[in-house]
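Student: Could you walk me through how the labels on this one are justified? I'd like to see each value set against its cut-off.

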Amino acid sequence: MGLYGVVMDDATGARTTEPPPLDMAEAVPGLGAYARTVVRLHPRPGTPAISSSHIGGPVLWPADEPWPHCSDPKYSEQNRRKTPDHPVAMVPVAQLAAADFPEIAFPAGTDLAQILWCPSHHPDWGYAPAFRLIWRDSSTVAEPLAAPPTPHLIGDADYVPRPCVLHPERVIEYPWHEELPKDLRDKLEEWEAGESLYQYMLSIVPGCKVSGGMSWEVTDMGELPPCDVCGASLELLLQLDSCEWSTDAEGLRWAPLEDRHLEFATPEHNRAHEPTGLQIGRYSHGGFFVCSAAPEHPASFFTQ
Ligand SMILES: [Zn+2]
Ligand SMILES: [Zn+2]
């Protein structure tokens, strides 16, 4: 597992996704070329180490480096009465270590991706909070900050993730239908014959994950904007989700086998189903996207 081995919670252990009930590559000729491996993170509330991959706090941060604060001028202007005292300390959202995620293209000389955001709703960001993505070289952190500062203002408690340990699992995903070329989409539609198995059971992996793509069932995907700096396409670094699987019949395939016995709405079920406590958009998901040519270019966050 290397220097930043993922902390395993022995009480809960690894999580396993049920294999697909059928082979999509066989069902729709040509689709096999679009199969891709994504990493389900299977976060579970726990006590992550400061240098490990995890969701929520803490993060490996140099004690002498200023902590990011949100001072979004539009936000404070529009909400002057409600929030007179920006800037607000951001909260850790996730930390991903290169040793755990060889699929992430880290900028040269870095081995930690750290994401922080403002724990308040920003009207001009849609349903997304203002965020920072920091690529860090962990070997340069001589004296880490003991704990992240507590924000003096939490506009939206749903934006503060519970600290979670991760149980990464590699699974195959197929693209959101709008990502596919037209001829393949037509073949897929014909095969589906009005059902929605592909969308909910056989394609996009739900929940918190690294790489792959998102489902765009609320808005159409349309054209994802390119990188602001160089015009290259964006790719998904990390998806956050309000729950790990849909409790609809088709979505239950994504409930880990180890969690199937949990009784709905019990605390044990909630810890598995809504581990981070985050609510993204209207109980949906969102993703941090980075430039496919140069990951150090500014990242974007899209919600559904
Ligand atoms: Zn803010
Ligand atoms: Zn770029």
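Here is a short run through a metal site and a sheet, in a model that is predicted.

Student: What makes Cys-227, Cys-230, Cys-291 and His-297 donors of the zinc ion (ligand 2)?

Tutor: Distance. Their atoms, SG for each of the three cysteines and ND1 for His-297, lie 2.1 to 2.3 Å from the zinc ion. The cut-off here is within 2.8 Å, so they count. Along the chain they follow the spacing C-x2-C-x60-C-x5-H. Cys-230, in the loop between strand S11 (209-210) and strand S12 (234-241), and Cys-291, in strand S13 (residues 285-291), are 61 residues apart, and the pair links distant parts of the chain.

Student: Why is the site of the zinc ion (ligand 2) called tetrahedral?

Tutor: Check the angles: among the four donor atoms they run from 101 to 116°. Four donors count as tetrahedral if all angles lie between 85 and 135 degrees, so the label holds.

Student: Why does Cys-291 count as buried, and why does Cys-230 count as partly exposed?

Tutor: Cys-291 has 1% relative accessibility, and buried means under 20%, so that one is settled. Cys-230 comes in at 39%; exposed needs over 50%, so partly exposed is the right call.

Student: How do you know that S1 and S10 pair?

Tutor: Count bridges: five join strand S1 (residues 36-40) to S10, running antiparallel. Pairing takes at least two, so they qualify. One of the partnerships is Arg-36 with Glu-173 in S10.

Student: And what makes S10 and S14 edge strands?

Tutor: The open sheet is ordered S10-S1-S11-S12-S13-S14, with antiparallel pairing. S10 (169-173) and S14 (300-303) each pair on one side only.

Technical notes:
Residues are numbered from 1 along each chain as its sequence is written. Chains are lettered from A and ligands numbered from 1 in the order in which they are written. This is a predicted model: local features need pLDDT of at least 70, side-chain atom pairs count only at pLDDT 80 or more; totals for chains, interfaces and linings use all residues. Side-chain values use heavy atoms; hydrogens and water are left out. Helices (H or I, at least four residues) and strands (E, at least two) are DSSP runs, numbered from the N terminus. Donors are N, O and S atoms within 2.8 Å of the metal (3.2 Å for Na, K and Ca); water is not among the atoms, so sites may look incomplete. Four donors count as tetrahedral if all angles lie between 85 and 135 degrees; four count as square planar and six as octahedral if opposite donors are over 155 degrees apart and all others between 65 and 115; anything else is irregular. Buried means under 20% relative accessible area, exposed over 50%, partly exposed in between (1.4 Å probe, protein chains only).
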